[in-house]
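Open the model in your viewer and keep the selection panel at hand. We will go from stop to stop, with something to select at each one.

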Amino acid sequence: MQHSFFDKPILNSPYAEPQWHHALDDDGQPLDAPPVEGRRPSALISPVPRPKRRRAGAQSSLSLHADDGISTDRQEYNVTQIVNEIRRSVSAWRSLPSSRDWNVTPATARLLQYWRTHDFEGIRPFFCQVEAVETLIWLTEVARKDPRHKRFWAHIESANAGANPDLMRLAMKMATGAGKTTVMAMLVAWQTINAVRSPTSRLFTRGFLIVTPGITIKDRLRVLQPGDPDSYYQSRELVPDDMQADLAKAKIVITNYHAFQLRELLNANRTARALLQGRSAPLQSRENEGQMVRRVADALMGIKNIAVINDEAHHCYRQRPDPDGKALTGEARKEAEDNNKTAHLWISGIEAFRRKLGVRAVYDLSATPFFLSGSGWAEGTLFPWTVSDFSLMDAIECGIVKLPRIPVDDNIPGAEMPVFRNLWDHIGKDVPKKGGLTADPNRIPDKLKTALHSLYKHYAQVDDAWRREGIEVPPVFIVVCNTTTTSRLVYEWISGWRRPNEDGDQVTEHHGHLPLFRNYDAYGEPLAKPNTLLIDSRQIESGALDKNFRKIAAAEIETFRRERKQRGDHSQITDSELLREVMNTVGRKGRLGEHIRCVVSVSMLTEGWDANTVTHILGVRAFGTQLLCEQVVGRGLRRLSYALNAEGLFDSEYADILGIPFNFTAKPVVAPPRAPRKTTYVKALRERTHLEIVFPRVTGYRVDLPDERLQATFTDESSYEIDHEMIGASQTDMQGIVGEGHTLSTEQAQTLRPSTIAMDLAKHVLNQHFRDQDGNPKYHLFGQIKTICRRWIDEGHLKCPGDTQAWMLSFYPEIAAQAVERIMAAIVRTVSDKGRIKAVIDPYNPSGSSRFVNFTTVKDVRATDPEKCHVNFVVGDSDWEAEFARVAENHPRVARYVKNQGLGFTIPYKDGPVARAYIPDFIACIDDGHGEDDLLNLIVEIKGFKNEQVKLKKQTVEQHWVPGVNALSAHGRWAFVQFESVFEIGREFAEQITALTASTGGQT
């Protein structure tokens, strides 16, 4: 077993108990050491690597929850300890050679021998599947009768009494892709056959209620019905032929939890109900529990003490009061409320069945059997009634699932976490919050475009490899978004979009930015079989689609409807059923979804979708915990091939994931109580009214440019450096906790010519800045503008550091918009001294004043000179500002000054297409020799302008605000200065005042 850790991630056969596990350090990270003999103990381990860059002193924990909330000083809450003890007991029991020593019924013994030793024609049950059922069998038939194992049942009963009174729940934790449906079928077979052959036993039942979180899973679980054409009992040979007759006596009802909602029996509007009610008590028109139970499970009537099987059982729990819990806000609060509504309805429905029919046991299956946010338990707390665990790390080492690869490093310096590991942190504030059906998909954030482009490039390589291998279905790329607004814009950016023209006809505006995912051909016509699908998974799971979503996905719905009719099926089908069928058959040859390459999903795709062709996942939403991360990543972990290699192992398969921040949760630090900080009242003083400073409120600028001849004067300020901070990482290293890694890159296959880039840039300049009074572009100026743009590129004003390239100006509109502002400033610079720039003053509030300063602060303050400042204090946001206040007060030419805090002085500027407001640090009024009645108003910035965005501020102040206000002649004279070193402020300020005084003709 001596081999490199990363060369061979799969160590064990999927059909035998694991014999080896990879060596991990105390933080759960891989050691480049030989595998360790023996099975990995059950533990809450993250199945992904840490970022390579880590800050010194960072402390982390392997817990999925920061604080379990139920441990005490006397006893630590630790479910995995019980799980490991049960696992060892079951392993010892399993190793007994004679079935006579197993202490189980003859029917159970026959099933166990069959599952362990039968020569299956197809895929035989995995060890983890057999072990999950063995654990329940051992607890039910063996441990109950053996005093040595009494503590296990005592633990389970105690856990249920505290969280699920009057229910007996047993949870099996199984990694996504480990085959929970097969386990359900084996449970049904074990219980049913024993119930038929031992009808007086109180341990078994032939009645089953299988509850799912949505219709998608409900459809998939049809295979649990013995009479279904694709029944697992026959198609996967899970039951011996001589036991099939007994199995056929099972009564199985499969439902989703929504069916537990008590329905309204009276179909009447408010007016009709009022007439029927009259003066009587309110009408009781909802069905009662008994009616609900009969409606949901009429087939189970007459069977006492049924068994309930919960699929994705983490949705089912009884909320508990949590007076000390942290208050949630925003999306987290909404998500918690939704979680609790689902959980309350689900558990209440099961309790209703217990009261009406009796429930012998509840078997929970989930890859993540943890309490959710808002449950009253610490989020991520493992269900205390968990009895078996086959984790994602175990599944990786047995090869049962794909190995997830996530970003561990990139070429953005400084940050500990790679940009694309937690994409939402970098784009959340820029994602459109609202948007109609005509919103511009190009407005999605540039970092999101880079992530899509980088991941798509690797997808194209995988697609090519699949074709060469003769795989007949394409790999699948999924994008999980937060809202319908975001998902629609991402979907259209990927696949192309249409908009109505002046005549109301739909016209294709873009064929789609990612070629393999386009839904339009080269002529702009919709493809007969779209490559990309937009799905609102939450609405599909509830069985209803809203009108807006149907409109968005109308083309796809109609295409699939026609395809269904071409196959000869003319029956009516709802939109929801149609889209669900497409989604369920993604990656399946000969089915509706076989051609789908990309799925853009609203909601989280947390469960119920088991396509085995997913190779790439991008998260475009917030993820609160590792629990949610693992649920979404699980959609991409189902294997494509189950063929064993020459060593009897599976070959490695991978899923590449961006934007889903698997991470470790740090232990919380309780901050000691602090005394409240002193509050200072900062205000303008009445006795200092003579020091008042008045400023104009500028809302924009009007520039009168010549219509015939345009010129540009380029300076050092004209340069623009493509910023990785705007576009995200152009190189991202991807790695799994084991296995091979690779690097995602944005490098283009073809580089655009400078003339093409200049033409694209000129279009932006023309459309943004050169339009006539009717709003039409001045096309006669296009040639001159293109020449200026080409000059700007050829003269080296475009800087491309690292592996950035000029083509990005055409690919990223926001970068192009930044460049446009540099070029436009160079054009304006040629006319700035000719009075062609005018500031636009707010007509309703034309001026502001220092007399309105009035606020409180807990920051440090510096008392001001009563002969120099209208306001009593300068707030010390930094030492620089305090130093400037000292320098200003000591300079004889400064008549008065004020810090721009609570003052309301802003300078509007354009950051590409986005309107922003720049807030300078100070205004100082200087006596430059023109007398007390004509002071020079000096705008002061005391930090240097370093990056591209803040360079725009200086450019706007110097070329628009100052000349524009001075041209109005009604708001005094204005100038601008900046300082870059705190130690040189005194000297530089004196030099600036001397220069300004000389330039205005004053006396020094």
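What is the order of the strands in the open sheet of 8 strands? Keep in mind on this tour that the model is predicted.

**The open sheet**

Select the strands in turn and you will read E13-E14-E10-E15-E16-E9-E21-E22, with mixed pairing. Now colour strand E13 (532–536) and strand E22 (742–745): these stand at the edges, each with a single partner strand, so one side of each has no neighbour in the sheet. Looking across the sheet, you will find a twist that averages 25 degrees from one strand to the next.

For a pair inside this order, pick strand E15 (residues 614–620) and strand E16 (residues 654–658), which are joined in the parallel sense by 3 bridges. Zoom in on Leu618, whose bridge partner in E16 is Leu658.

Next, add helix H14. H14 packs on the sheet and touches strand E9 (403–410), strand E10 (476–481), E15, E16 and E22. Compare directions as you rotate: that of H14 makes about 175 degrees with that of E15.

**A loop residue before H14**

Step back to Asn442, in the loop between helix H13 (423–427) and helix H14 (446–468). Which residues does Asn442 touch, leaving aside those up to four places away in sequence? Show Lys449, Trp493, Trp497, His513 and Pro813 to see them. Try a distance label on the last of these: Asn442 and Pro813 are 7.3 Å apart in space, C-alpha to C-alpha, yet 371 residues apart in sequence.

**A covered strand**

Now select strand E6 (residues 306–311). Is E6 mostly covered or mostly open? The strand is mostly covered, with 6 of its 6 residues buried. In a regular strand, side chains alternate between the two faces of the sheet. Turn on side chains and look at each face of E6: Ile306, Val308 and Asn310 are buried on one side, and Ala307, Ile309 and Asp311 are buried on the other.

Then bring in the partners of E6. Strand E4 (residues 207–212) runs parallel to E6 and is joined to it by 4 bridges; look for Ile210 opposite Ile309. Strand E7 (residues 359–366) is also parallel to E6, with 6 bridges between them. Here Ile306 has Val359 of E7 as its bridge partner.

**Two packed helices**

Move on to helix H1 (residues 79–94) and helix H4 (residues 150–163), whose axes are 11 Å apart and make an angle of about 140 degrees. That angle makes H1 oblique to H4, and their crossing is left-handed. To see the contact, show Ile82, Glu85, Ile86 and Ser89 from H1 with Arg151, Phe152 and His155 from H4. Coloured by type, these contact residues come out as 3 nonpolar, 2 polar and 2 charged.

**Two backbone stops**

Most residues other than glycine have a negative phi. Two loop residues are worth a look with that in mind.

- Asp166 is not a glycine but has a positive phi of about 70 degrees. Find Asp166 in the loop between H4 and strand E3 (169–174), where it is exposed with a relative accessible area of 61%.
- Ser969, also not a glycine, has a positive phi near 60 degrees. Select the loop between helix H27 (948–968) and strand E34 (973–978) to find Ser969. This residue is exposed, and its relative accessible area is 64%.

Terms used: Residues numbered from 1 in each chain as written. Predicted model: local features only at pLDDT ≥ 70, side-chain atom pairs only at ≥ 80, totals over all residues. Heavy atoms only, no water. Contact = heavy atoms within 4.5 Å. Axes fitted to C-alpha atoms, helices over the stretch in contact; angles between N-to-C directions. Parallel < 35°, antiparallel > 145°, perpendicular 65-115°, else oblique. Left-handed = near helix turned anticlockwise from the far one by under 90°. Nonpolar A, V, L, I, M, F, W, Y, C, P; charged D, E, K, R; others polar. Buried < 20%, exposed > 50% of the residue type's maximum accessible area, 1.4 Å probe, protein only. Pairing = 2+ DSSP bridges.
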